[in-house]
Amino acid sequence: MTTDARPMGRRERNKLDKLERITAAAGELFAERGVDDVTTQEIADRADIGTGTLFLYAKTKGELLLLVQNSMYEAALEEGRAAAAETTGALDGVLAVLRPVVACNRKQIENGRTYLREMVFGDPEEPRHAEALALTSQTQDLVADVIERETAATTDTARTLAQVVSAIMFTTMAASINASLSDDDLVEQVRAQVRAVLPA
């Protein structure tokens, strides 16, 4: 059996290099000043590319934010997966999945809230939005796995409960009234709500 392990061509390497530079530049600037106070020209300058090239990778600042946040969300999800594997009990297992996602979303709170808005209201056909929705789905799958493993819930019930848990987390993070909360306080709000819906 053979596998196609051709080395990446120069053009693909250049595209990947530009994408990495754009992601790093946007991430740094968004973290420093927030997405609303950064221009696409500043991102292009820091990435050392033209704005026309930038728009080949992301058409709007919203898409640039999705690009940056998706990579952080993916890492947070892996952290949550590992943490959940070490816990017992449905509530602790679910919170182990959610805690790194909350922390990642709140590294820059307004960016995180904008990210959630882009995820919900953006074009699901746009690749960065599709990636964000896939990460949301993976989060729900992890939560469902924990619920099914730690309770008597059926697979279908666990999946439904995971959707409810996801809605709790995202709504709690997005609410303006919670913007000033610490991560720990916000996680405690999520915990109280999740406890109310999980089976005994």
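These are my notebook entries on one helix and two pockets.

**Entry 1: helix α9.** I am working with a predicted model. I began with α9, whose 15 residues run from 183 to 197. At 1.5 Å a residue this helix should span 21 Å, and its end C-alpha atoms are 21 Å apart, so the two values agree.

Next I asked which residues of α9 are buried. I found L186, V187, V190, R191 and V194. These residues cover an arc of only 145 degrees around the axis, which means they sit on the same side of α9. I also looked up what covers them: α5 (90-105) and α8 (155-174) are included.

**Entry 2: the largest pocket.** I turned to empty space and noted a volume of about 230 Å³ for the largest pocket. Which helix gives the most to its lining? That is α6, with six residues. I saw that α6 (109-121), α7 (127-150) and α8 each supply at least two. Among the lining residues I wrote down R113, F121, L133 and F170. Sorted by class, the lining has seven nonpolar, two polar and two charged residues.

**Entry 3: the second largest pocket.** Here I noted about 170 Å³ of space. Its lining includes L19, E20, L67, N70, E131 and Q138. The elements that give two or more residues to this lining are α1 (10-33), α4 (61-85) and α7. How many residues of each class are there? I counted four nonpolar, four polar and three charged.

**Entry 4: a link to remember.** I marked α7 in my margin for the largest pocket and again for the second largest pocket.

Key:
Residues numbered from 1 in each chain as written. Predicted model: local features only at pLDDT ≥ 70, side-chain atom pairs only at ≥ 80, totals over all residues. Heavy atoms only, no water. Helix = DSSP H or I, 4+ residues; strand = E, 2+ residues; numbered from the N terminus. Expected span 1.5 Å × (residues − 1). Buried < 20%, exposed > 50% of the residue type's maximum accessible area, 1.4 Å probe, protein only. Arc of directions from axis to C-beta. Contact = heavy atoms within 4.5 Å. 1 Å grid on protein atoms, 1.4 Å probe; cavity = no way out; pocket = protein on both sides within 12 Å on 5 of 7 lines; lining within 4 Å. Points joined across faces, edges and corners; volume = space filled by probe spheres on them. Nonpolar A, V, L, I, M, F, W, Y, C, P; charged D, E, K, R; others polar.
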